[in-house]
Structures are given as structure tokens and as C-alpha cells.
Amino acid sequence: MNYRHAYHAGNEADCVKHALLMLLLRALMRKNKPLFVLDTHAGTGAYDPASIEAAKTGEWRQGIGRLLEANPPELADYLDLVRGLGLYPGSPALARAILRPSDRLALCELHPEDAALLKRRFRTDPMVQVHRRDGYEALGALLPPPERRALILIDPPYERPDEFATLAAALGAARQKFPSGVFAAWYPVKHRAPVRDFLADLAAHRIPDMIACELLLRPPLDPARLNGSGLLIVNPPYGFEAEAVPVLSALRATLADADGDATITRLTDE
Ligand SMILES: C[S@@+](CC[C@H](N)C(=O)[O-])C[C@H]1O[C@@H](n2cnc3c(N)ncnc32)[C@H](O)[C@@H]1O
């Protein structure tokens with residue numbers, strides 16, 4: 001396990017994922033019923049832009065740095081939370097910041113050092129359970145939750161060449177185990193072919209009600225660069241697609257090149 005999210009926290013891809021995550025959580029919290037949030041690949045929870053790792057790549061400057069400066073009103077909810085939390089919040093800190101007393105957060109992280117940091121961060125928090133375990137395996141173990149309402153974020157590092165295939169199979173199995181769960185899976189867009197294969201693979205699992213939200217920073221032609229990213233969502237909450245349009249447009253206007261693009265594609269019907 002070589003991947004450490006501290007080098008990449010707050011980059012363009014993180015901002016797309018986290019702005020959409022906030023929107024999903026807010027939509028699910030409109031119903032006055034307990035919600036379970038499962039983050040299968042959680043990282044350390046929050047990151048310091050002044051750390052050695054962040055300084056080494058400076059990636060956050062192109063992402064959250066530009067968004068905080070441009071301050072588009074469509075992203076106010078997300079940006080206000082980032083400002084309020086101080087450090088760059090990862091998905092665990094963002095979700096925890098808006099949980100209601102009836103909700104519950106479970107975090108899985110496999111890297112020993114990152115899992116230890118995550119455990120330390122939430123050690124006195126009764127609403128958060130931290131597991132040092134394989135996030136894919138946790139999908140089988142922790143779903144369906146007693147609350148019967150859940151958002152599951154699957155955010156692997158794509159270190160392994162078979163990560164897309166592993167994710168498609170895990171999503172297919174988890175959706176079968178828990179058909180009403182809202183699943184959000186992040187994926188990188190370097191060039192088109194792996195994403196096309198991933199979506200074709202998913203089609204074989206016959207998962208209904210699935211959309212893909214993508215932000216391309218530039219046309220995905222150079223496979224050596226992260227040219228964009230996407231969030232695949234199963235069972236998007238009512239109203240989410242309409243709300244995601246202005247959020248993705250604002251992300252595109254601030255982060256993408258002139259030939260970038262922002263799209264929401266419905267892959268399968270309800
Ligand atoms: C992209 S980062 C997660 C970032 C985090 N979700 C956020 O948005 O702040 C991916 C994380 O997954 C961890 N990881 C890799 N393989 C894993 C596995 N099989 N199960 C759980 N965590 C894993 C890595 O150590 C890394 O911290």
C-alpha cells in the first residue's frame with residue numbers, strides 16, 4: 001500500500017467528490033429518519049495543507065485553493081464547512097460535521113498508519129466507529145444497516161490495475177444485499193477506455209437507477225495525467241440531479257480548462 005491521500009487532499013478530484021458528497025448528505029438528511037454513513041476507504045479524516053506531504057505536491061492549490069479564492073455561491077455549503085473546519089477536511093470530517101444526533105458514521109481504512117491517525121481523530125466520538133479493515137469486505141459485513149437508510153462512499157486509491165473490476169463486482173454484490181442503499185463510488189478519468197470498460201462491466205451487474213457525474217479538467221487524452229474524475233451514484237436521492245447541475249457548473253468554471261466539461265449521465269433507469 002503506497003498510496004497516501006495526504007499528498008492529494010484538496011486537489012480538483014477531491015473537491016468534486018466532496019462537493020457532491022455534501023449535496024448527497026444534505027438531500028438524505030431532508031428526511032427526518034436516522035441515516036448510516038459508511039466510508040469504505042476513509043483516509044486519515046482531515047489533512048494539513050502545511051504538511052510536508054501537501055507541500056511536496058502542492059495539489060491543493062489547484063483545487064480547494066482556487067475554490068476558496070473564487071468563492072462561487074453554488075459551493076457555499078461545502079466551502080463554508082471547509083473554512084469552518086480549518087484543515088482540509090476529508091470525507092470523514094465533512095460527513096461528521098453535518099451528522100444529526102440520530103445518525104451514525106462508520107469508517108474503514110486499511111493502511112496501518114492512516115488507520116491509526118483516523119482512530120485517534122475520532123477516539124472520543126460515540127457517533128463514529130473506525131475499523132482497520134478492508135473496505136470491500138466491510139460492504140458485506142456492515143450492510144444492510146439496522147437504520148435501513150444509508151449512504152455508502154467507496155473511494156479506493158486505484159493503485160491496483162484491477163481496481164475498476166473489483167469495484168464493479170463489489171458494487172453489484174452490495175447493491176444486491178442492500179437494494180435501497182445510496183452508493184457513491186469515485187473514479188479517476190485519465191483516458192476514456194478504462195472508464196468505458198468499467199461502465200460496461202457495471203451494466204453486466206444490472207444495477208438500476210445509476211448516474212455518473214463527471215468533471216473533465218481537459219479532454220482525457222493523456223493517460224499519464226488525471227484529466228478528470230467522476231462519481232458514480234446508485235439510487236440518487238430525489239432532486240439530487242437537478243441540484244448537482246449548478247454545483248458541477250461552478251466546479252467546471254473555476255477548476256477546468258476552457259475545453260473541460262461537466263456532465264451528468266443517466267446510465268440506468270429506476
Ligand atoms: C482516496 S483515499 C480516501 C480519501 C477519503 N475518502 C476522502 O475523501 O477524504 C483512499 C484510501 O483508501 C485506503 N485503502 C486502500 N485500500 C483499501 C482497502 N482495501 N480497504 C480500506 N481502505 C483502503 C488508502 O490507504 C487510502 O487512505
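Let's start at Ser91, which is buried, with a relative accessible area of 4%. Bear in mind as we go that this is a predicted model. Ser91 belongs to helix H5, which covers residues 91–98. Its side chain isn't idle on paper either: the side chain of Ser91 makes a polar contact with the side chain of Asp39, at 2.6 Å.

From Asp39, step along to Thr40, which sits in the loop between S1 and strand S2 (46–47). Thr40 has a relative accessible area of 1%, and since buried means under 20%, Thr40 counts as buried. The side chain of Thr40 makes a polar contact of its own, with the side chain of His41, at 2.8 Å.

His41 is a handy signpost, for it takes us to the ligand. There are 21 residues around the ligand, and His41 is among those that come nearest, together with His18, Glu109, Gly135 and Asp155. What kinds of residue make up the shell around the ligand? The split is five nonpolar, nine polar and seven charged.

Now for the atoms that face the ligand's nitrogens. A polar side-chain atom of Asp134 lies 2.8 Å from a nitrogen atom of the ligand. With Gly135 it's the backbone that takes part: one of its N or O atoms lies 2.8 Å from a ligand nitrogen. Leu110 also uses its backbone, with an N or O atom 3.3 Å from a nitrogen atom of the ligand. How much of the ligand's surface does the protein bury? Taken alone, the ligand exposes 600 Å², and the protein buries 95% of that. As for where that puts the ligand, the space it takes is the largest pocket.

Gly135 also gives us a way onward, as helix H7 spans 135–142. Past that helix, in the loop leading to strand S6 (150–154), you'll find Pro144. The peptide bond that joins Leu143 and Pro144 is cis, with omega at about -5°. If you're checking backbone geometry, there are two phi values to look at as well. Arg206 has phi near 50°, a positive value in a residue other than glycine. Arg206 is in the loop between helix H9 (192–204) and S8, and at 73% relative accessibility it counts as exposed. Asn235 also has a positive phi, near 60°, and it too is a residue other than glycine. Asn235 lies in the loop between S9 and helix H10 (240–255). Is Asn235 buried or exposed? At 16% relative accessibility, Asn235 counts as buried.

Between strand S8 (210–216) and strand S9 (228–234) runs the loop that holds Arg218. Arg218 has a relative accessible area of 15%, so this charged residue is buried. The C-alpha atoms of Arg218 and Gly228 are separated by 7.2 Å, and the two residues are 10 apart along the chain.

Sequence separation and distance in space make for some good pairings elsewhere. Take Pro73, in the loop between helix H3 (59–70) and helix H4 (76–85). Pro73 is exposed, with a relative accessible area of 66%. Pro73 and Pro246 are 173 residues apart in sequence, yet their C-alpha atoms are 9.8 Å apart. For Lys31 and Pro49, the sequence gap is 18 residues and the C-alpha to C-alpha distance is 35 Å. Lys31 is in the loop between helix H1 (12–28) and strand S1 (36–39). At 49% relative accessibility, Lys31 counts as partly exposed, because the exposed class begins over 50%.

Our last stop is Ala262, in strand S10 (residues 261–268). Why is Ala262 classed as partly exposed? Its relative accessible area is 24%, which falls between the cut-offs of 20% for buried and 50% for exposed. The C-alpha atoms of Ala262 and Leu25 are separated by 21 Å, with their positions 237 residues apart along the chain.

Methods:
Residues are numbered from 1 along each chain as its sequence is written. This is a predicted model: local features need pLDDT of at least 70, side-chain atom pairs count only at pLDDT 80 or more; totals for chains, interfaces and linings use all residues. Side-chain values use heavy atoms; hydrogens and water are left out. A residue is near a molecule or strand if one of its heavy atoms lies within 4 Å of it. A polar contact is a pair of N or O atoms within 3.5 Å; within protein, one must be able to donate a hydrogen and the other to accept it, and residues adjacent in sequence count only if both atoms are side-chain atoms. Accessible areas come from the Shrake-Rupley method with a 1.4 Å probe; for residues, only the protein chains shown count as cover. On a 1 Å grid over the protein atoms alone, a cavity is a set of points where a 1.4 Å probe fits but cannot get out, and a pocket is an open set with protein on both sides within 12 Å along at least five of seven lines; lining residues have an atom within 4 Å of a point. A molecule sits in a cavity or pocket if more than half of its atoms lie within 2 Å of its grid points. Helices (H or I, at least four residues) and strands (E, at least two) are DSSP runs, numbered from the N terminus. Buried means under 20% relative accessible area, exposed over 50%, partly exposed in between (1.4 Å probe, protein chains only).
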